[in-house]
Amino acid sequence: MSFKNANEYFKGNNFIEDLTHHLLDKFCDWIEWRKDGKDSILDIGSGPGNSFHSTMFCRLPSNFSRLVLSDISKPMVELQKKEFEGVNKVSCEVLDIGSPIDENLLQKLGTFDHVTSFYCLMWVKDQQQAMDNIYKLLKPGGNCFLLIVADCPIFDAVLSVCEKPRWKDYFKGWQDFYVYPYKKVDEAKAKGLSFMEKAGFVDIKAEIVYYPWKFRSDKEKEYFLRAMPNKFSKNVTAEEEEEIFQERLQFFDKFNLGQYRDNTGKIDKPNSYLILYGKKRE
């Protein structure tokens, strides 16, 4: 699944930096760095690259050997290149982690000591294919650190229109597009560990964490919601697409999404995140 509106996503994802710092402070020590510090890293679903740059890049060993940022979206990859322009040992590639990786692509990318992913994999329909690909992209003994949104208000907002009489003909088959595989939070750990085990990972572990999204302004919130991908089952006009967005925004506004505003009567729904870790067999 590709985020069509890369620039809107870039304008609306600043709040992710605070969230990522918080989660990395708790879990970054799960990653086992090489003793010589010459680690190679692939990040999956890097988006515009700014969040990785401000949160994870500073945590890499100072003499890491290479970093590859990736995304299914070509516009996102172009933003990554601008974000890391002039930074040595960093490259950016288009990669669909939910589709089979053939030998030509594997030869181009190579294998890595670490694969990371932040807020990406919940958009991938075939979770087993994604985990199999991650396993294939690791060196023997390498490890992965995956941070996945299990459930959050934006999922509710996106889905809020799909079964409405006015719009249901525009969203036929939406369950196959908006998969959100870990939305049943009480099942999320077991599901994630099962996918990893089937892929061949060892020393696997998982944790569920709750932490709120806090936007810094209404404009940031609106940019982020506007960037959410759509797959319409019939032709939609620009006016209709804007009407759909406004209905989603009205639903989204029911939640407490930041301290910059009066939240009296707003819903405090905890955002849940699935943290997964695993190693490739030596």
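A residue is called buried when its relative accessible area is under 20%, and the close-up views below, all taken from a predicted model, apply that cut-off.

**View A. Surroundings of K221 in helix α9.** K221 belongs to helix α9, which covers residues 218-226. Because its relative accessibility is 2%, K221 counts as buried. Apart from neighbours within four places in sequence, the residues in contact with K221 are F215, L249, F252, D253, L257, Y260 and R261.

**View B. The buried face of helix α9.** In α9 the buried residues are E220, K221, F224 and L225. When the helix is considered down its axis, these buried residues fall within an arc of 130 degrees, and therefore they line one face of α9.

**View C. C58 and its nearest cysteine sulfur.** A disulfide is a covalent bond that joins the sulfur atoms of two cysteines. Zero disulfides are found when the whole structure is searched, and C58 accordingly takes part in no disulfide, with the sulfur of C28, the nearest cysteine sulfur, lying 8.7 Å away, whereas a disulfide would need the two sulfur atoms to be within 2.5 Å. C58 counts as exposed, because its relative accessibility is 58%.

**View D. C162 and its nearest cysteine sulfur.** In the structure, for which the search returns zero disulfides, C162 is likewise in no disulfide, and the nearest cysteine sulfur, which belongs to C152, is 14 Å away. The relative accessible area of C162 is 0%, so this residue is buried.

Terms used: Residues numbered from 1 in each chain as written. Predicted model: local features only at pLDDT ≥ 70, side-chain atom pairs only at ≥ 80, totals over all residues. Heavy atoms only, no water. Helix = DSSP H or I, 4+ residues; strand = E, 2+ residues; numbered from the N terminus. Buried < 20%, exposed > 50% of the residue type's maximum accessible area, 1.4 Å probe, protein only. Contact = heavy atoms within 4.5 Å. Arc of directions from axis to C-beta.
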